[in-house]
Amino acid sequence: MNISYNWLKHYIDIEVTPDNLAEILTSIGLETKGAEEVQLVKGGLKGLITGRVITCEKHPNSDHLHITTVDINAGGEPLQIVCGAPNVAAGQKVVVAPVGTVLYSGDEEFVIKKSKIRGVESFGMICAEDEIGISDKHDGIIVLPEDIPVGISPAEHYGLESDYVLEVDITPNRVDATSHIGVARDLAAWMRQNDRKASLNLPPLDDFSIDDDAGAIRVEVVDTEACPRYSGLTIRGVKVKESPRWLRQALMVIGLRPINNIVDITNYVLHEMGRPLHAFDADKVKGGRVIVAPAADGSCFVTLDGVERKLSARDLMICNSEEPMCIGGVFGGLDSGVTEATTDVFLESANFHPEWIRSTARRHGLNTDASFRFERGLDPNGTIYALKRAALLIKEVAGGRICGDIQDVYPVPAKPWEVSVSWEKINEVIGKNIPADTVRDILDSLEIEVIREDAEGLSLRVPVYRYDVRRDVDVIEEILRIYGYNNVEIGGQVKLSLSSPTAADEAYRMQNIVSEQLCGAGFREIMNNSLTRSSYYDELTTWPVSHAVMLQNPLSAELNCMRQTLIFGGLESIRRNEKRKQRNLRFFEFGNCYEYNPSRSTEADALSAYTEDRRLGLWMCGNRVENHWAHPEEEVSVYELKAHVINLFARLGIDRSDMQFSSFESDIFSAGLKLMSAAEKIGELGVVKKSLLKQSDVDAEVYYAELLWTTLMKRMKHHTVVFGELPKFHMVRRDMAFLINKHVAFSEIEKVAYASDSKRLKEVILFDVYEGNKLPEGKKSYAVSFYLSDPDKTMTDIQIDGIMSRIQANIEKETGAQLRSAD
């Protein structure tokens, strides 16, 4: 938000430089980037000078040019200037640009030079208003009043002076500071605390009066929840024209484009006191009534920018007796605003519910100065003051008569908040014992009333415009920012809590370890938004859209719910990389996922329906080997992904024998494995379905694993990574080939084998799978290697044969397998 240094001085006497003012505002929580000098007219009319036309004669070689001599009181001869303006005449006071003067046309500059025009020398230029940048008019040269001295800078006549703009970053909670008066109010509190005499000078309303008893446009509010207060005033007989110079300059300094005197006044009051106003052409208020009501769902409305918008029943409209005129608090309509033909104006000063405005602005992609303020919560008690202030200014710049009483619908007046705060907590939170008199003085300067005080603390009444001060800590923050953060000394001690590492600390440590391992394996970490689109879940049963945590006021349909899984963010990253010719991708992401399940909700705890857990996602696609002279191209596979997952589990201390893999299909995977440990699901991996890839516009085959990180951290507590010496005795390998049913997975054989001798069986590897017409129907062959080792001695053939016989027998019993003969 831009604040004008000169404009701010209307409300408070400032005796500090603009740069010092920026530092002060930053110190009280209104972060200011600095003060930038601005010139209302580019170049500040530097080099221009007032002159008097002594003679004016027709040019002998032109029908429209004149040869003039102009006195600029420079102590020399008058300047000969050739001028083409139709209104130039002898005796006029004019603005002269002598040779060497720099003028500006937009962003371009040009230097006045000595020239010869149709054979006659010219030593300067007599200027029009657009040529020096004070307006767009070019209907002739500027003719100054007779009493203007010759030889002075025109900047003195036009009252031009440099101003400074302070760019203040307003935090979302400080809507009360989104105006010059709001900033001045905080500044006055700081100056009072720092022993500088200052008071807040608000614009007086003593001259406000009703000129005619009749002629008011009536107001009706249908939905008082959406519009807690609506005030309006009718002004008739106005003259719409260009705004006076002071008004145009005030708006231009802060970056606004002047439109006309009526609209400019509404913008002026908006930035003066933070109160959005809207001016309607009263002749377009059909039926003489303004009706505030929600829109008809699905109806259409053309806004001021010429765009037709489809409305929702949650859009609040300002209507006449026949049709909508404006989207309340957000954007005006195309046909109801003030034009040069307007003679009567209906002025609106209202207060709208923040949630209604926020949802409407997001739904239609609109962000206006009005919606910015309304959606943060304004003081409903300020509507009448702003309305009267604007009415007086309109009468000053456009004439007119105030007709009829102020229309004010305010069924439930807002009351100040009451907050209690203890002395002990004030000192504890601030970290310093601030004298009670100082605390009371700061609160009084912030217009926070002390209604009761005792040895324990204070009971306070907070003004309604401080929408953000509801709790004791909010009051303490107000005290501290005015007292000064830099006034709280840092003691000579540093107090630390040397507590034992928490589960969260351990989870973070392990996350870093796993991240390093994955990066070492060629993966790249990605971070995606926790917000996603609900349409991803429309067709899913694993994560149905009914279980999505929806946002009440989404920024867009693309970001309208919290993610239930990490997969879609990763697919978006893969798509983005594919579009840039990057196809060999390995990604991982740690992120939280969210779910709403109403079946878990209880009457005592409605929030139990919501869950949040942390997960780890891994994505692989493209080639494992590519463009290598010694190795043919090789695509990545789901088995490679599985190996990475097993390696992660090993790093977490979860032994391979404690994991179970079971095949399954879902609406995510065309083929997948569910990962279990001690009958508890710890993740799943598989081949992503083609339909899902098509939906995400991904061309490559994608393999994906999603691990339940929160659950893994709990499982880690049951496992310890123990150092062991390298084996002293040789490992023995034995191979077996089994004939098994097609539905039997290798994981089942693996599980049975480890259970047969968990001490000496070190590894089970599947090295060949055969399916063909040489085998009985419905059968397949697995060739498996078993690696055995005894940590204490060299194994004998009798021991080895005994273990292998036990493994064979158990596999045949549990899976129905048969040992294949050597032939």
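Cys127 is buried, with a relative accessible area of 0%. This comes from a predicted model. Cys403 is buried as well, at 4% relative accessibility.

**Cysteines**

How many disulfides does a search of the whole structure find? The search finds 0. Cys127 illustrates the point: the nearest cysteine sulfur belongs to Cys83 and lies 9.3 Å away. A disulfide would need the two sulfur atoms within 2.5 Å, so Cys127 and Cys83 do not form one.

**Helix pairs**

Two packed helices are described by the angle between their axes and the distance between the axes. Three such pairs are tabulated here.

| Helix pair | Axis distance | Angle |
|---|---|---|
| α6 (245–253) and α7 (261–273) | within 10 Å | roughly 50° |
| α12 and α13 (472–483) | 10 Å | about 95° |
| α19 (746–756) and α20 (797–815) | within 9 Å | roughly 135° |

Start with α6 and α7. Their axes cross at roughly 50°. That angle makes α6 oblique to α7. The crossing is left-handed. On the α6 side, the contact is made by Trp246, Leu247, Ala250 and Leu251, while α7 supplies Asn261, Asp264, Ile265, Asn267 and Tyr268. By class, the contact of α6 with α7 has 6 nonpolar, 2 polar and 1 charged residues.

Next come α12 and α13. With an angle of about 95°, how are the two helices oriented to each other? Angles from 65 to 115 degrees count as roughly perpendicular, so α12 and α13 are roughly perpendicular to each other. From α12, the residues in contact are Thr438, Val439, Ile442 and Leu443. They meet Val475, Glu478, Ile479, Ile482 and Tyr483 of α13. The classes in this contact are 7 nonpolar, 1 polar and 1 charged residues.

The last pair is α19 and α20. Their axes come within 9 Å and cross at roughly 135°. Roughly antiparallel would require an angle over 145 degrees, so this pair counts as oblique. The crossing of α19 and α20 is right-handed. Glu748, Ile749, Val752, Ala753 and Ser756 form the α19 side. Facing them in α20 are Arg806, Ile807, Asn810, Ile811, Glu814 and Thr815. By class, the contact of α19 with α20 has 5 nonpolar, 3 polar and 3 charged residues.

**Positive phi values**

Asp195 has a phi near 60°, a positive value in a residue other than glycine. Where does Asp195 lie? It sits in the loop between α5 (180–193) and β13 (218–221). Is Asp195 buried or exposed? Its relative accessible area is 75%, and exposed means over 50%, so Asp195 is exposed.

Glu447 also has a positive phi, near 65°, and is likewise not a glycine. Its loop runs between α12 (436–445) and β25 (449–453). The α12 that precedes this loop is the helix that packs with α13. Glu447 has a relative accessible area of 41% and is partly exposed.

**Residues toward the N terminus**

Asn6 lies in helix α1 (residues 5–8). Its relative accessible area is 17%, which is under the 20% limit, so Asn6 is buried. Which residues does Asn6 contact, leaving aside its neighbours within four places in sequence? They are Glu161, Ser162 and Asp163.

Leu25 is placed in helix α2 (residues 18–27). At 1% relative accessibility, Leu25 is buried. Not counting residues up to four places away in sequence, Leu25 touches Leu30, Glu31, Thr32, Leu166, Val168, Val183 and Leu187. Val168 is 143 residues from Leu25 along the chain, yet their C-alpha atoms are separated by 8.3 Å.

Lys33 belongs to strand β2 (residues 31–38). Is Lys33 buried or exposed? With 60% relative accessibility, Lys33 counts as exposed. Outside the residues up to four places away in sequence, Lys33 touches Glu167 and Asp169. Leu366 is 333 residues from Lys33 along the chain, and the two C-alpha atoms are separated by 26 Å.

How values were computed: Residues numbered from 1 in each chain as written. Predicted model: local features only at pLDDT ≥ 70, side-chain atom pairs only at ≥ 80, totals over all residues. Heavy atoms only, no water. Buried < 20%, exposed > 50% of the residue type's maximum accessible area, 1.4 Å probe, protein only. Axes fitted to C-alpha atoms, helices over the stretch in contact; angles between N-to-C directions. Helix = DSSP H or I, 4+ residues; strand = E, 2+ residues; numbered from the N terminus. Parallel < 35°, antiparallel > 145°, perpendicular 65-115°, else oblique. Left-handed = near helix turned anticlockwise from the far one by under 90°. Contact = heavy atoms within 4.5 Å. Nonpolar A, V, L, I, M, F, W, Y, C, P; charged D, E, K, R; others polar.
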